[in-house]
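Subject: Structure for you to look at

Dear colleague,

I am passing on a structure that I would like you to open and turn around while you read. My notes on what was found in it follow below the structure, and I suggest that you check each point by eye as you go.

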Amino acid sequence: MSEQRRAPRTSWTFLTHHARVLVMISRDAEVRLRDLAVGCGVTERAVQAIVNDLEGAGYLTRSRRGRRNHYQVARHALFRHPAEARYEIADFLDLFAGLPPPPDAPSPP
């Protein structure tokens, strides 16, 4: 019996867009939605919805500073899924925010 070869499944990642947006915001509290969209590979509208989700769930707060948004991440917030719900997101953010951004990532203004 010959083994059937399958193309690699490339449509999934370990981090969700929500996690990726939160990590990027933790790296730069004044990052633009446009730069978040480029970094995540989604539209600005999708990023805006994700930021609204994160703000509504208490993971970040948003305020205006001049013409820019300024974000503050609630590092002591807990993960949402019951399997991780007793853990704060701080260690997760530290792990990924401490990694250098990819070479093609937009640099902060």
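Helices α2 and α3 pack with their axes 8 Å apart and at an angle of about 105°, which makes α2 roughly perpendicular to α3, since angles of 65 to 115 degrees are counted that way. Please keep in mind, here and throughout, that this is a predicted model. On the α2 side the meeting residues are L33, R34, L36 and A37, and on the α3 side they are E44, V47, Q48 and V51. Sorted by class, the residues of this contact of α2 with α3 are five nonpolar, one polar and two charged.

To place these helices in the whole, it helps to know that the chain has four helices and two strands, and that along the sequence they follow the pattern α-α-α-β-β-α. Of the 109 residues of the chain, 25% count as buried, and the chain exposes about 8300 Å², of which carbon and sulfur atoms supply 53%. Among the contacts in the chain with a separation of 6 or more, 39% are accounted for by residues 24 or more positions apart.

Helix α1 is the next element to look at, and it can be followed through two further helix contacts. The axes of α1 and α3 come within 10 Å and cross at roughly 80°, and the two helices are therefore roughly perpendicular to each other. In this contact H17, H18, V21, L22 and I25 of α1 meet I50, V51, D53 and L54 of α3, and by class the contact has six nonpolar, two polar and one charged residues. V51 is worth finding on the screen, as this residue of α3 is listed in the contact with α1 and also in the contact with α2.

The other contact joins α1, residues 17–27, to α4, residues 90–97, where the axes come within 9 Å and cross at roughly 75°; that makes α1 roughly perpendicular to α4. The residues that make the contact are A19, L22, V23, S26 and R27 from α1, together with F92, L93, F96 and A97 from α4, and they divide into seven nonpolar, one polar and one charged.

Which residues of α1 are buried? They are A19, V21, L22, V23, M24 and I25, and what covers them includes α2 (33–40), α3 (44–56), β1 (60–65), β2 and α4. L22 is therefore a useful residue to select, because it is buried, and it takes part both in the contact with α3 and in the contact with α4.

H17, which is also found in helix α1, counts as partly exposed at 36% relative accessibility. If its neighbours within four places in sequence are left aside, H17 is in contact with C40, V42 and I50. The C-alpha atoms of H17 and G39 are 9.8 Å apart in space, although the two residues are 22 apart in sequence.

The last topic is the aromatic rings. A pair of aromatic rings is described by the distance of the centres and the angle of the planes. How many aromatic pairs does a search of the whole structure find? It finds three. One of them is formed by W12 and F14, an edge-to-face pair with 4.9 Å from centre to centre and 75° between the planes. W12 counts as partly exposed at 47% relative accessibility, whereas F14 counts as exposed at 76%.

Another pair is that of F79 and F92, whose ring centres are 6.0 Å apart and whose planes stand at 80°, so this pair is edge-to-face. Because F79 lies in the loop between β2 (68–73) and α4 while F92 lies in helix α4, the pair ties together parts that are 13 residues apart in sequence. F79 is partly exposed, with a relative accessible area of 28%, and F92 counts as buried at 18% relative accessibility, the cut-off for buried being under 20%. F79, F92 and F96 form one aromatic cluster, and of these residues F92 and F96 also belong to the contact of α4 with α1.

With best wishes

Terms used
Residues numbered from 1 in each chain as written. Predicted model: local features only at pLDDT ≥ 70, side-chain atom pairs only at ≥ 80, totals over all residues. Heavy atoms only, no water. Axes fitted to C-alpha atoms, helices over the stretch in contact; angles between N-to-C directions. Parallel < 35°, antiparallel > 145°, perpendicular 65-115°, else oblique. Contact = heavy atoms within 4.5 Å. Nonpolar A, V, L, I, M, F, W, Y, C, P; charged D, E, K, R; others polar. Buried < 20%, exposed > 50% of the residue type's maximum accessible area, 1.4 Å probe, protein only. Areas by Shrake-Rupley, 256 points an atom, 1.4 Å probe, with all protein chains shown as cover. Phe/Tyr/Trp six-rings, centres within 6.5 Å; stacked < 30°, edge-to-face > 60°.
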